[in-house]
Structures are given as C-alpha cells and as structure tokens.
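Welcome, and thanks for opening the viewer. Shall we walk through the structure one selection at a time?

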Amino acid sequence: MTPVEFAVAAEHYLAEARLSEGSRRVYRIALHTWAWLLVGRTPPVGAERRRAAPPVLPLALLDGPDAPRRVAEAFAARAEAVGARTANRELSALRAAARWWCARGWLAADPAEGLRPLPAAAPEPALTDAQVRAVLALRAPLREKVLWHLVRESGAPIERLLALDVDRLDPADRQARPVAGERPLRWRGGAARLLPLLIAGRSAGPLFLTDRRAPAGTPERDRCPLTGRARLSYRRAAELFTAATAPLDPVGRGWTLHRLAEPRR
C-alpha cells in the first residue's frame with residue numbers, strides 16, 4: 001500500500017536504500033528538512049533539528065500539478081538560507097527518494113526532476129558600515145528591527161535566530177540560553193534596547209511571529225500560546241528585508257538578509 005504520509009514514505013526508502021549508517025542519518029535529516037520546507041516553515045537548527053519530528057505532510061502533495069512549483073520555491077528559499085552546497089545536498093536526497101517512490105508507483109513523477117544543482121556562487125559582500133547604519137535607521141516594525149539587530153550583533157545563523165523561543169532569552173545578560181551542542185548566543189546594545197519591548201507580556205513561544213494565526217496542525221512549539229500566531233519563516237523574513245532595503249539599494253532591488261551579518265575578522 002502507498003504510504004499516506006511523507007515521513008513514513010521516507011522511512012521505507014531509508015530502510016531499503018544502500019547507504020551507510022552515517023549517510024542514512026544525513027539523508028533522514030535532509031528529508032525531514034524538506035517536510036518543513038514544503039509546508040512553508042523554517043526547519044529547526046542545531047541539536048533541535050536532529051530531535052524534532054517533521055510536520056505531517058501528505059505524500060500526495062508531491063504528486064499534484066502544483067508540486068514542481070512548490071518544490072522549486074522551497075529549494076530556492078533553502079539555497080538563500082543555507083547556501084548552494086547544503087541545498088544541493090538536500091536536493092540530491094529528495095531526488096533519490098522520489099525516484100525510489102516512483103519506481104514503486106507511490107508517485108507518478110519526480111516533482112524535482114526539472115531542478116538542477118546550483119553553482120557555488122561567490123559570496124555576496126557584507127554591507128558597509130554606512131549601509132548597516134542606514135538599514136538600522138529605517139522606519140520598520142519592531143519585529144524586523146529586533147531581528148536585524150540580532151543578525152548584525154550576534155554572529156549567529158539567521159535560521160538559529162528565527163528558531164529562538166522567548167523562554168530561552170536572558171535579556172539582562174544579553175544572551176540566549178543554549179541547548180545542548182550549541183554555542184552561546186549573545187547580542188549587544190541595539191538588540192538589548194529593543195528586545196524587551198518585543199517580548200513584553202510573553203513568557204513562552206517563538207520570539208519572532210508571523211502576522212497571522214498559525215494554521216491547523218502547527219506544533220505547539222511553533223505558535224504563540226497567547227496570540228496563536230506562528231513562527232516567522234526565513235523566506236518571509238528575507239522578503240521583508242529585501243523590500244525594506246530596496247530604497248537604499250542603488251539598483252533598487254534590495255539587499256539579502258545575510259549581507260547584514262557582521263563579517264568575521
């Protein structure tokens with residue numbers, strides 16, 4: 001019988017695939033990542049990524065007429081978030097699984113068939129100090145201002161910042177309590193000034209929230225217990241930054257969020 005759920009189909013594939021145990025573990029993480037991406041949510045990071053159960057995703061979602069577009073958009077967003085190398089590796093895992101599912105009649109076609117690995121592009125330069133000052137001076141919602149300051153001041157991956165929960169924050173000491181296997185996350189004055197305003201009245205749930213209520217089936221860890229709103233995704237955060245910075249960009253396109261990070265010395 002054809003499995004109904006993506007994660008179940010993934011386990012069938014992994015049980016039969018000729019992979020070493022190490023490769024099997026990497027493929028499982030990659031396929032779980034696709035489950036998060038295909039429902040429009042930011043995958044967990046670090047130790048949480050290895051432990052988190054993927055969201056419920058019907059396998060039939062990969063068999064509809066809209067599947068190639070959905071997969072292509074998720075792939076593009078993932079490449080923006082983690083770079084071409086990681087996104088290409090995860091695409092390879094999905095394509096291998098999809099071919100196996102097609103061979104068993106579980107899918108009619110591979111929805112990623114038209115996608116090709118991305119070339120490893122030269123990294124975009126970090127914004128100059130003057131550009132950073134202009135970004136941080138923009139009139140923008142408090143949520144965006146806090147995120148932008150954290151991106152600049154913490155040196156942490158943007159995905160990790162979006163995965164932060166309110167109950168892990170220690171505003172007085174300007175840090176987030178790390179989970180096992182993570183490096184400490186600290187920030188400086190800009191985020192320290194604004195963060196208490198963003199979390200006022202909240203003691204749990206995601207730090208960064210969307211403007212809408214979470215859809216049915218959203219795990220409890222990814223929605224605010226007070227408002228019911230969902231965790232902000234990388235894709236939406238990046239779109240908002242690019243739109244906000246378009247007036248500052250000499251060519252009018254806007255800048256990518258990762259360029260705001262302080263360059264490593």
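Let's begin with L198. This residue is buried, at a relative accessible area of 15%, which falls below the 20% limit for that word. Keep in mind throughout that the model is a predicted one. To find L198, select helix α9, which covers residues 189-199. Now show what surrounds the side chain: apart from neighbours within four places in sequence, L198 is in contact with L142, R143, V146, L207 and F208. If you want a distance to try out in the viewer, pick the C-alpha atoms of L198 and D167; they are separated by 13 Å, with the two positions 31 residues apart along the chain.

**Next stop: the small sheet**

Select β1, β2 and β3. These three strands form an open sheet in the order β1-β2-β3, and the pairing is antiparallel. Which strands stand at the edges? They are β1 (169-170) and β3 (185-186); each has a single partner strand, so one side of each has no neighbour in the sheet. Strand β2, residues 175-176, is joined to β3 by two bridges, and the two run antiparallel. Zoom in on Q175 and you will find R186 of β3 standing opposite.

While you are here, click on R174, in the loop between β1 and β2. R174 is not a glycine, yet its phi is positive, at about 55°. Is R174 buried or partly exposed? With a relative accessible area of 38%, R174 counts as partly exposed, because that class runs between the 20% and 50% limits.

**Over to helix α10**

Select T245, which sits in helix α10. T245 is buried, and its relative accessible area is 0%. Two polar contacts are worth drawing as dashed lines. One goes from the side chain of T245 to the backbone nitrogen of W255, at 2.8 Å. For the other, look to the backbone oxygen of T242, which lies 3.3 Å from a polar atom of the T245 side chain. Beyond residues up to four places away in sequence, T245 touches V135, L138, G254 and W255. Now add A134 to the selection: A134 and T245 are 111 residues apart along the chain, but their C-alpha atoms are separated by 9.0 Å.

**A pocket to explore**

Stay with α10 for a moment, since α10 (234-245) is one of the elements that supply at least two residues to the lining of the second largest pocket. The others in that group are α2 (21-38), α4 (67-82), β4 (209-213) and β5 (229-231). Which of the elements gives the most to this lining? That is α4, with seven residues.

To centre your view, select V39, G40, R41, S233 and R236, which lie nearest the middle of the pocket among its 33 lining residues. The space in this pocket is about 780 Å³. Colour the lining by residue class and you should see 15 charged, 13 nonpolar and five polar residues.

From here, pick A74 in helix α4. A74 is buried, with a relative accessible area of 0%. Leaving out residues up to four places away in sequence, A74 touches W34, L37, L38 and R235. For a wider view, include L136: the C-alpha atoms of A74 and L136 are 29 Å apart, and the two residues are 62 positions apart in sequence.

**Last stop: D222 and a cavity**

Select D222, found in the loop between β4 and β5. D222 has 5% relative accessibility, so this residue counts as buried. What does the side chain of D222 make a polar contact with? Its partner is the side chain of R231, at 2.7 Å. Besides R231, and without counting neighbours within four places in sequence, D222 is in contact with W36, R41, P206, R229 and A230.

Both D222 and R231 also help line the largest cavity, together with T42, P43, P44, L162, A163 and R221. This cavity holds about 40 Å³ of space. Four of its lining residues are nonpolar, one is polar and three are charged. How many cavities of 30 Å³ or more are there? The count is two.

How values were computed. Residues numbered from 1 in each chain as written. Predicted model: local features only at pLDDT ≥ 70, side-chain atom pairs only at ≥ 80, totals over all residues. Heavy atoms only, no water. 1 Å grid on protein atoms, 1.4 Å probe; cavity = no way out; pocket = protein on both sides within 12 Å on 5 of 7 lines; lining within 4 Å. Points joined across faces, edges and corners; volume = space filled by probe spheres on them. Helix = DSSP H or I, 4+ residues; strand = E, 2+ residues; numbered from the N terminus. Nonpolar A, V, L, I, M, F, W, Y, C, P; charged D, E, K, R; others polar. Buried < 20%, exposed > 50% of the residue type's maximum accessible area, 1.4 Å probe, protein only. Polar contact = N/O pair within 3.5 Å; in protein donor to acceptor, adjacent residues only side chain to side chain. Contact = heavy atoms within 4.5 Å. Pairing = 2+ DSSP bridges.
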